[in-house]
Amino acid sequence: MGVHARTLEFYRQLGFADEMVADGIEAHRFNLREGRADGDGRVVASVTLEEIGAGLSPYPFMLAYPQDRHERFLIGKLEEAGGRVEWQTKLVGFEDVGSQVQARIVGPNGAEEAVDAAYLCGCDGAHSRVRETLGIGFPGGTYEQLFYVADVKIASGFERDIIANIGEHSLALMFPVRAAGMQRLIGLVRPELSHRTDLTFEEIRGEVEPLVGVEVTEVNWFSTYRVHHRVAERFRVGRAFLLGDAGHIHSPAGGQGMNTGIGDAMNLGWKLADVLRGRASAEILDTYEPERIAFARSLVATTDRAFTPMIAESWTGELFRRVVAPLVLSVAT
């Protein structure tokens with residue numbers, strides 16, 4: 001839900017960054033708050049986000065823009081350019097025959113058809129069929145903790161700040177998501193409930209509201225999930241490429257997953273365009289994997305180092321959340 005400055009700079013090259021900014025929400029501040037069981041919490045550190053990148057970028061702020069709207073926005077731009085998305089269509093398999101890729105897909109009517117293409121870009125997520133077909137390993141692991149995510153309305157009215165709430169054995173974040181008044185809550189589920197697959201917001205409301213210091217008046221949707229950290233062993237085999245979650249998944253620290261996938265697409269997209277239009281040699285495609293896989297490995301390593309102590313249930317995690325994190329944030333700003 002966070003669109004970083006670099007992504008907006010990419011969109012500026014394509015001519016529609018300002019349109020997205022106008023449709024999103026500029027987050028004003030990042031507050032680190034110590035939450036308490038009685039609801040009487042306090043802000044221990046605060047950073048302004050409105051001009052955090054002043055002089056470095058035309059977009060010196062964090063833009064809150066939910067991914068479903070983001071996808072609709074990009075699909076609209078694709079259609080304006082003459083392209084379209086074929087929904088309910090699944091890749092069954094493919095073969096790289098040297099001069100092209102021969103793919104088999106199944107459409108909404110269930111019929112299989114063959115598609116020949118110059119290249120195949122696997123942007124098909126963590127369970128990528130493209131990656132599996134290529135036999136590329138996806139080493140890494142899964143964090144033990146279970147997380148919840150919910151879009152809610154709060155009694156105190158719409159809050160534009162990003163707020164990280166730290167408490168005893170707990171962590172919860174609140175983001176502005178929709179100008180209509182929706183906030184997004186993300187946090188840790190306590191260990192005794194981490195085995196549940198049917199958890200509801202009402203079962204954790206009693207601990208979430210005091211920790212975050214809000215009263216939730218409406219729940220739009222609620223879900224639970226686990227976080228993984230993995231990087232594919234390769235980002236390219238012949239005429240097939242991996243991008244986004246198909247190539248790398250990591251913790252939500254820093255809100256970089258979607259932005260990194262967009263960075264992959266921008267890196268490979270202009271190179272493919274130049275090759276297909278005869279403006280560059282196909283050798284330029286060899287630069288995609290080393291550039292993006294190095295970035296992905298660095299990103300997964302750094303987010304893991306930041307994320308692990310933030311969610312740890314031991315005394316070290318408690319020390320990091322309640323003492324180290326506020327101190328580091330205060331000194332850094």
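**Exercise 1. Work out why Cys123 has no disulfide partner.**

Step 1: set the cut-off. A disulfide here is a pair of cysteine sulfur atoms within 2.5 Å.

Step 2: check the distance. The closest cysteine sulfur to that of Cys123 sits in Cys121, 5.8 Å away, so the gap is too far for a bond. By this rule the count comes to zero disulfides, and Cys121 is in none.

Step 3: look at the surroundings. Buried means under 20% relative accessible area, exposed over 50%, and partly exposed in between (1.4 Å probe, protein chains only). Cys123 is exposed at 56%, while Cys121 is partly exposed at 35%.

Before you go on, some housekeeping: this is a predicted model, where local features need pLDDT of at least 70, side-chain atom pairs count only at pLDDT 80 or more, and totals for chains, interfaces and linings use all residues. Residues are numbered from 1 along each chain as its sequence is written, and side-chain values use heavy atoms, with hydrogens and water left out.

**Exercise 2. Find the largest nonpolar core and say which element gives the most to it.**

Step 1: define it. A nonpolar core is a set of buried Ala, Val, Leu, Ile, Met, Phe, Trp, Tyr and Cys residues joined through side-chain atoms within 4.5 Å.

Step 2: pick out the hubs. The largest core has 27 residues, and Phe94, Phe235, Phe241, Leu268 and Leu285 touch the most other members.

Step 3: map it onto the elements. Helices (H or I, at least four residues) and strands (E, at least two) are DSSP runs, numbered from the N terminus. S6, S7, S16, H6 and H7 each give two or more residues. H7 gives the most, with four.

Step 4: zoom in on a hub. Contact means heavy atoms within 4.5 Å. Leaving out residues up to four places away in sequence, Phe241 touches, among others, Tyr119, Cys121, Phe235, Leu268 and Leu285. A second, separate core has 20 residues, including Ile154, Leu199, Ile204 and Val214.

**Exercise 3. Decide whether helix H5 is largely enclosed or open, and say why.**

Step 1: count. H5 covers residues 205-212, and six of its eight residues are buried, so the helix is largely enclosed by the rest of the structure.

Step 2: name them. The buried ones are Arg205, Val208, Glu209, Pro210, Leu211 and Val212.

Step 3: find the cover. It includes strands S3, S10, S11, S12, S13 and S14.

Step 4: look just past the end. Gly213 follows H5 with a positive phi, near 75 degrees.

**Exercise 4. Compare the salt bridges Arg6–Glu9 and Glu207–Arg190.**

Step 1: set the rule. A salt bridge is a side-chain nitrogen of Lys or Arg within 4 Å of a carboxyl oxygen of Asp or Glu. That gives 22 of them.

Step 2: take Arg6 and Glu9. Their closest N and O atoms are 3.0 Å apart. The two sit three residues apart in helix H1, so about one helical turn separates them. Arg6 is partly exposed at 46%, but Glu9 is buried at 18%.

Step 3: take Glu207 and Arg190. Here the closest N and O atoms are 2.0 Å apart. This pair links distant parts of the chain: Glu207 lies in H5 and Arg190 in the loop between S13 and H5, 17 residues apart. Both are partly exposed, Glu207 at 31% and Arg190 at 27%.

Step 4: look for shared partners. Asp68, Arg72, Asp151, Arg178 and Arg184 join into one network this way.
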